[in-house]
Amino acid sequence: MISRTASTWQRELASAIVRPGDLLERLGLAHDPCVTDGGAFPLRVPEGFVRRMRPGDPRDPLLRQVLPVSAEDAVLPGDSPDPVGDLAALVTPGLLRKYHGRALLILTGACPLHCRYCFRRHFPYSEEGLAGGWDRALARIASDRSVSEVILSGGDPLTLSDAKLERLVERLSGIAHLTRLRIHTRTPIVVPSRVSDRLVAWLARSRLATVVVLHANHPAEVDATVATATARLRETGATLLNQAVLLRGVNDSLEALVGLSERLFEVGVLPYYLHQLDRVQGAAHFAVDDVTAGRLVEGLRARLPGYLVPRLVREEAGRPFKVPLV
Ligand SMILES: *Cc1c(COP(=O)(O)O)cnc(C)c1O
Ligand code: SF4
């Protein structure tokens with residue numbers, strides 16, 4: 001049930017398409033026997049994101065990111081349910097400490113859409129997330145002066161209400177040794193109306209220097225509604241960056257990656273990371289080999305100013321930073 005007081009963005013999230021048949025029909029596509037319901041990680045995509053897909057194109061790069069297919073059922077040697085070692089980095093429920101000076105809070109398992117390649121799809125959120133409250137995680141951060149930056153992550157932290165986020169950020173601002181707040185979110189890309197007046201107000205008010213790391217993989221994701229959202233985020237003084245995942249059949253072409261960097265810049269966002277896919281179960285059909293990935297980045301260097309070339313990285317369990325590949 002959606003309450004009558006829900007905001008526009010909450011309604012948009014709650015009315016997301018969850019039945020593959022509905023999505024195919026909406027795009028004028030025939031039913032395909034390879035399409036599944038996604039099992040434990042079901043289809044989820046809001047209408048505003050579907051509107052950016054090309055009707056009648058079964059290979060649309062946005063559709064491919066969300067449509068569950070039977071190739072996900074393959075389990076390959078070397079694939080893991082926790083490829084980046086997140087479970088080993090848990091300090092207390094919801095708090096990950098992997099990198100110097102930075103602490104990452106897993107605020108929720110909820111996401112505005114379900115990305116088929118996601119490395120968090122097997123994370124046991126109900127046991128390890130912060131559903132039980134933030135007190136313990138905040139106490140750990142407060143007692144560790146080596147932490148200067150807190151990263152809000154998930155799932156997607158901006159699926160939480162502004163009331164909750166505002167309270168959390170107020171508590172974080174009260175911890176004297178914190179200087180930066182980082183928010184890892186795909187929601188302003190997927191449901192741009194999420195950048196509400198209230199969100200802009202609490203972000204602008206915080207004493208912490210804020211970095212919003214968005215997540216778009218293809219230039220077609222960044223339409224005029226997204227441009228409005230990023231313009232509002234920039235008004236808060238936040239630095240806007242983007243991380244993308246290199247995905248076969250989505251953005252593994254020079255054209256898509258050049259287009260993404262240029263489009264991001266137009267809306268005030270700098271490319272930060274291009275992630276080589278983690279070896280997560282069910283995503284092998286999205287993998288791009290390292291040689292091809294390296295060539296693509298060389299191609300970007302030849303075409304774009306340096307500040308529009310993202311860093312190609314892979315996360316390796318137990319390493320103290322994301323490992324650059326080229
Ligand atoms: C990626 C990541 C960070 C941030 O790394 P940066 O290189 O600073 O972007 C922090 N903590 C965890 C657990 C991460 O996975
Ligand atoms: S929004 Fe982010 S965390 Fe959620 S499914 Fe997509 S990639 Fe994963």
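Which residue forms a salt bridge with R51? I looked this up first, keeping in mind that the model is predicted. The partner is E47, and the closest N and O atoms of the two are 3.7 Å apart. I then checked how open this pair is. R51 has 59% relative accessibility, so I put it down as exposed, the cut-off being over 50%. E47 comes out at 28%, and I noted it as partly exposed.

**Entry: a buried pair**

Next I went to D162 and found it in a salt bridge with R194, with 2.9 Å between the closest N and O atoms. These two sit 32 residues apart and link distant parts of the chain. D162 belongs to helix 7 (residues 162-173), while R194 is in the loop between helix 8 (187-190) and helix 9 (197-205). Buried or exposed, I wondered about R194? R194 is at 0% relative accessibility, so it counts as buried, since the limit is under 20%. D162, at 7%, is buried too.

**Entry: a pair between helices**

I also looked at D197 and R232, whose side chains meet in a salt bridge at 2.7 Å, N to O. Here D197 lies in helix 9 and R232 in helix 10 (residues 224-235), 35 residues apart, and I noted that this pair links distant parts of the chain as well. D197 is exposed at 57%, whereas R232 is partly exposed at 24%.

My count of salt bridges for the model is 22. I also found a network of them that links D86, K98, E315 and K322.

**Entry: ligand 1**

Three of those network names turned up again here: K98, E315 and K322 are among the residues around ligand 1. The others I listed are L96, Y99, R102, L104, I151, R182, Y272 and Y273. I looked for polar side-chain atoms close to oxygen atoms of the ligand. R182 has one at 2.7 Å, Y272 has one at 2.7 Å, and E315 has one at 3.2 Å. The protein covers 92% of the 380 Å² of accessible area that ligand 1 has on its own. Which elements give two or more residues to this shell? I found strand 3 (102-106) and strand 8 (270-275). Sorted by class, the shell has six nonpolar and five charged residues, and no polar ones.

**Entry: ligand 2**

Last, I listed what surrounds ligand 2: C111, L113, C115, C118, G155, R186 and H215. By class, I put down four nonpolar, two polar and one charged.

Conventions
Residues are numbered from 1 along each chain as its sequence is written. Chains are lettered from A and ligands numbered from 1 in the order in which they are written. This is a predicted model: local features need pLDDT of at least 70, side-chain atom pairs count only at pLDDT 80 or more; totals for chains, interfaces and linings use all residues. Side-chain values use heavy atoms; hydrogens and water are left out. A residue is near a molecule or strand if one of its heavy atoms lies within 4 Å of it. A polar contact is a pair of N or O atoms within 3.5 Å; within protein, one must be able to donate a hydrogen and the other to accept it, and residues adjacent in sequence count only if both atoms are side-chain atoms. Accessible areas come from the Shrake-Rupley method with a 1.4 Å probe; for residues, only the protein chains shown count as cover. Helices (H or I, at least four residues) and strands (E, at least two) are DSSP runs, numbered from the N terminus. Ala, Val, Leu, Ile, Met, Phe, Trp, Tyr, Cys and Pro count as nonpolar, Asp, Glu, Lys and Arg as charged, and the others, Gly among them, as polar. A salt bridge is a side-chain nitrogen of Lys or Arg within 4 Å of a carboxyl oxygen of Asp or Glu. Buried means under 20% relative accessible area, exposed over 50%, partly exposed in between (1.4 Å probe, protein chains only).
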